[in-house]
Amino acid sequence: MRRHGTMTREEACDMLWSLYLISGAPMYEAPDYDSAQPWLYKDERDNDIAAKSGVISALSIMDTKQMSRNLGIHEQRLKHLHAAYAAAIIKRLKSLHLPDFGKKETALKDEIIRSHPANPDGNVIGSDIKDYEWTHRWNNLVTFSSRNSMYHSYVSGFMEKIFVPMLVKYFPDQAGEVVKYIRKAGYGDGEVLDLIDRTAGYNSNTAYLYQGKSGEEHRKKLQRKQSGE
């Protein structure tokens, strides 16, 4: 896309199919912290999450007008396709995140530490590198916890900030379409305006999203919060 600024029809088709396949590809199977076997994807780490993030990044810089000409299809169809791709990815990652796992993690770590044969009292983490089964359980738990945090950080720290402005750009003055894809991304009705607040914010470009009774009440609530009331 950045090599020469435009794409041939074949290149455009290849890109859309590639994004479709990456968007729909399954995530790595979660590490089993009860298993004494190493995680199958221990050398891959978060490549699956990063690949999904790459799709949303690619969508954000894509010139839909130029691509629609290359493909010979209406630009609006492309916008709906891109919005659907992004919504599906975000929904998938949100569904995998366990917000309360941290409360459980400490107890799980303590249990694994106590199970180490070199540390029956559980005072310190053992360093017996020959104890592979214990090591794999520990590593699986640490990796599970790390990936759980990544699901949230990738969505809230990156994807949301691209997704909502993209919807606003694609569907100006079409609040119904914006809200539709936000819901498709796994957000409930009570989360929609909060999401817009922390990503696009209230301004002349997003004012149409705050129309109606609920929008007006939300905006007043936001103003009171900003004024410190």
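Contact here means heavy atoms within 4.5 Å. By that test, and leaving aside neighbours within four places in sequence, Ile 196 is in contact with Val 164, Ile 182, Gly 201, Leu 209 and Tyr 210. The model is a predicted one.

**Nonpolar cores**

Ile 196 also belongs to the largest nonpolar core, which has 45 residues. Ile 196 is one of the members that touch the most others; Leu 59, Met 67, Ile 90, Phe 163, Leu 167 and Ile 182 are also in that group. Several helices give two or more residues to this core: H1 (9-24), H2 (47-61), H3 (64-71), H4, H6, H7 (175-184) and H8 (192-199). Which helix gives the most? H6 does, with 10 residues.

Another core lies apart from this one. It has 9 residues, among them Tyr 33, Ile 113, Trp 134 and Trp 138.

**Aromatic pairs**

The whole structure holds 11 aromatic pairs. One joins Tyr 33 and Phe 144. Their ring centres are 5.2 Å apart and their planes stand at 90 degrees, so this pair is edge-to-face. Tyr 33 sits in the loop between H1 and H2, while Phe 144 sits in helix H6, so the pair ties together parts that are 111 residues apart in sequence. Are these two residues buried or exposed? Tyr 33 is buried, at 13% relative accessibility. Phe 144 is buried too, with a relative accessible area of 15%.

Trp 39 and Tyr 41 make another edge-to-face pair, at 5.7 Å centre to centre and 75 degrees between the planes. Trp 39 is buried, with a relative accessible area of 7%. Tyr 41 counts as partly exposed because its relative accessibility is 27%, and the buried class stops under 20%.

Ring pairs also link Trp 17, Tyr 20 and Tyr 85 into a cluster. A ring can meet a charge as well: the charged end of Lys 94 sits over the ring of Tyr 187, 4.2 Å from its centre.

**Salt bridges**

Side chains of opposite charge can pair when their charged atoms come close. How many salt bridges does a search of the whole structure find? It finds 10. The table lists some of them.

| Salt bridge | Closest N to O distance |
|---|---|
| Glu 75 and Lys 79 | 3.7 Å |
| Lys 109 and Glu 105 | 3.3 Å |
| Glu 111 and Arg 137 | 3.9 Å |

Take Glu 75 and Lys 79. Both lie in helix H4 (residues 75-96), 4 residues apart, so about one helical turn separates them. Both residues are buried.

Lys 109 and Glu 105 are also 4 residues apart, about one turn, in helix H5 (residues 101-114). Lys 109 counts as partly exposed, at 26% relative accessibility. Glu 105 is buried, with a relative accessible area of 14%.

Glu 111 and Arg 137 form a salt bridge at 3.9 Å. Here Glu 111 lies in helix H5 and Arg 137 in helix H6 (residues 132-170), so the bridge ties together parts that are 26 residues apart in sequence. Glu 111 is partly exposed, at 39% relative accessibility. Arg 137 has a relative accessible area of 18%. Why does Arg 137 count as buried? Its 18% falls below the cut-off, because buried means under 20% relative accessible area.

Some bridges share partners. Lys 65, Glu 75 and Lys 79 are joined in this way into one network.

**Asn 148 in helix H6**

Asn 148 has its place in helix H6. Asn 148 is buried, with a relative accessible area of 6%. Which backbone atom does its side chain reach? The side chain of Asn 148 reaches the backbone nitrogen of Leu 98, at 2.6 Å. Not counting residues up to four places away in sequence, Asn 148 touches Leu 96, His 97, Leu 98 and Phe 101.

**Helix H6 in review**

Helix H6 recurs through this report. H6 gives 10 residues to the largest nonpolar core. Phe 144 in H6 pairs with Tyr 33 in the loop between H1 and H2. Arg 137 in H6 pairs with Glu 111 in H5. Asn 148 in H6 reaches the backbone of Leu 98.

Definitions and conventions. Residues numbered from 1 in each chain as written. Predicted model: local features only at pLDDT ≥ 70, side-chain atom pairs only at ≥ 80, totals over all residues. Heavy atoms only, no water. Salt bridge = Lys/Arg side-chain N within 4 Å of Asp/Glu carboxyl O. Buried < 20%, exposed > 50% of the residue type's maximum accessible area, 1.4 Å probe, protein only. Core = buried A, V, L, I, M, F, W, Y, C linked by side-chain atoms within 4.5 Å. Phe/Tyr/Trp six-rings, centres within 6.5 Å; stacked < 30°, edge-to-face > 60°. Lys NZ or Arg CZ within 6 Å of the ring centre and 35° of its normal. Polar contact = N/O pair within 3.5 Å; in protein donor to acceptor, adjacent residues only side chain to side chain.
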